[in-house]
Amino acid sequence: TDECSATQLKYARMGEDSVSVGYMQALLPTLSVGGSGAYSMGAKNFATSLGFIYDPAEFTLAAQYDNGFRVMYLRKVNPNRVHVCTDLQVDGEGQSQMSLSAEFMLKQSKIQMGFDSNMMLKSYLETNMTPSTQLQLCAEMNQPANHYRFGFGILMG
């Protein structure tokens, strides 16, 4: 690893042994490309993936191709304050999914919300009540599937 590239070699032993290698190279200050390969010794199969990230100051565009294709666009409406993101995923069988989300970073809070093409609506609120205490609230809802989840967390320390 140096200022312009990163390489990772990993051996995993969970159920079956696998070896993977990944490489990312910065071609320009705003453009990085890379890929990875993984070999599963138990299943005796090899998987590859390719991707890129283009990140000028006002937006980020990223894509990944492996068994399917995914493209993501993040617009920095007000840098470090308001971001809007959309992504499109197409799997190997041609099934697609789209999502749209927004993130608002306020003085003591962060709000994230989004929905996808499966009618899943998600939201997340994180607020600092004191310098050492944080409250987190989250919810997701998919009314056609009768799916509702709500949660909370308190971090102290």
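This passage describes the strands, cysteines, aromatic rings and largest pocket of a predicted model.

The model contains an open sheet of 12 strands. The strands follow one another in the order β1-β2-β3-β4-β5-β6-β7-β8-β9-β10-β11-β12, and their pairing is antiparallel. Two strands, β1 (5–14) and β12 (147–156), form the edges of the sheet, and each of these pairs on one side only. On average, neighbouring strands of the sheet are turned by 10° against each other, with direction ignored.

At one edge of the sheet, β1 is joined to β2 (residues 16–28) by 10 bridges. These two strands run antiparallel. Within this pairing, A6 is placed opposite M24 of β2.

Further along the sheet, β7 (residues 82–90) and β8 (residues 96–105) run antiparallel and are joined by 9 bridges. The two strands make up a hairpin, with 5 residues between them. The turn of this hairpin includes G94, which has a positive phi of about 90°. Across the pairing, C85 stands opposite S101 in β8. On its other pairing, β8 meets β9 (residues 109–116), again in the antiparallel sense, over 7 bridges. A hairpin of 3 residues connects β8 to β9. The bridge partner of S101 in β9 is G114. S101 therefore has C85 opposite it in β7 and G114 as its partner in β9, since strands pair through bridges.

The cysteines were examined for disulfides. A disulfide is a covalent bond between the sulfur atoms of two cysteines. The count in this model is 0 disulfides. For C85, the closest cysteine sulfur belongs to C138 and lies 19 Å away, which is too far for a bond because a disulfide requires two cysteine sulfur atoms within 2.5 Å. C85 has a relative accessible area of 18% and is therefore buried, the cut-off being under 20%. C4, with a relative accessible area of 41%, is partly exposed.

The aromatic residues were considered next. The structure holds 2 aromatic pairs. In the pair of F59 and Y73, the ring centres are 5.6 Å apart and the planes meet at 35°, so this pair is tilted. F59 belongs to strand β5 (residues 59–65), while Y73 belongs to strand β6 (residues 69–78). The pair therefore ties together parts that are 14 residues apart in sequence. The two residues fall into separate classes of exposure: F59 is buried, with a relative accessible area of 17%, whereas Y73 is partly exposed, at 32%. Together with Y54, these residues form one aromatic cluster, made up of Y54, F59 and Y73.

The largest pocket holds about 270 Å³ of space. Its lining consists of 16 residues, of which S101, M113, G114, F115 and K122 are the closest to the centre of the pocket. The elements that give two or more residues to this lining are β7, β8, β9 and β10 (121–130). Two of the residues closest to the centre, S101 and G114, are also the bridge partners described above for β8 and β9.

Key. Residues are numbered from 1 along each chain as its sequence is written. This is a predicted model: local features need pLDDT of at least 70, side-chain atom pairs count only at pLDDT 80 or more; totals for chains, interfaces and linings use all residues. Side-chain values use heavy atoms; hydrogens and water are left out. Helices (H or I, at least four residues) and strands (E, at least two) are DSSP runs, numbered from the N terminus. Axes are lines fitted to C-alpha atoms, for helices over the stretch in contact, and angles run from 0 to 180 degrees between N-to-C directions. Buried means under 20% relative accessible area, exposed over 50%, partly exposed in between (1.4 Å probe, protein chains only). Rings of Phe, Tyr and Trp (its six-membered ring) pair if their centres lie within 6.5 Å; planes under 30 degrees apart count as stacked, over 60 as edge-to-face and the rest as tilted. On a 1 Å grid over the protein atoms alone, a cavity is a set of points where a 1.4 Å probe fits but cannot get out, and a pocket is an open set with protein on both sides within 12 Å along at least five of seven lines; lining residues have an atom within 4 Å of a point. Grid points are joined across faces, edges and corners, and a volume is the space filled by probe spheres set on the points.
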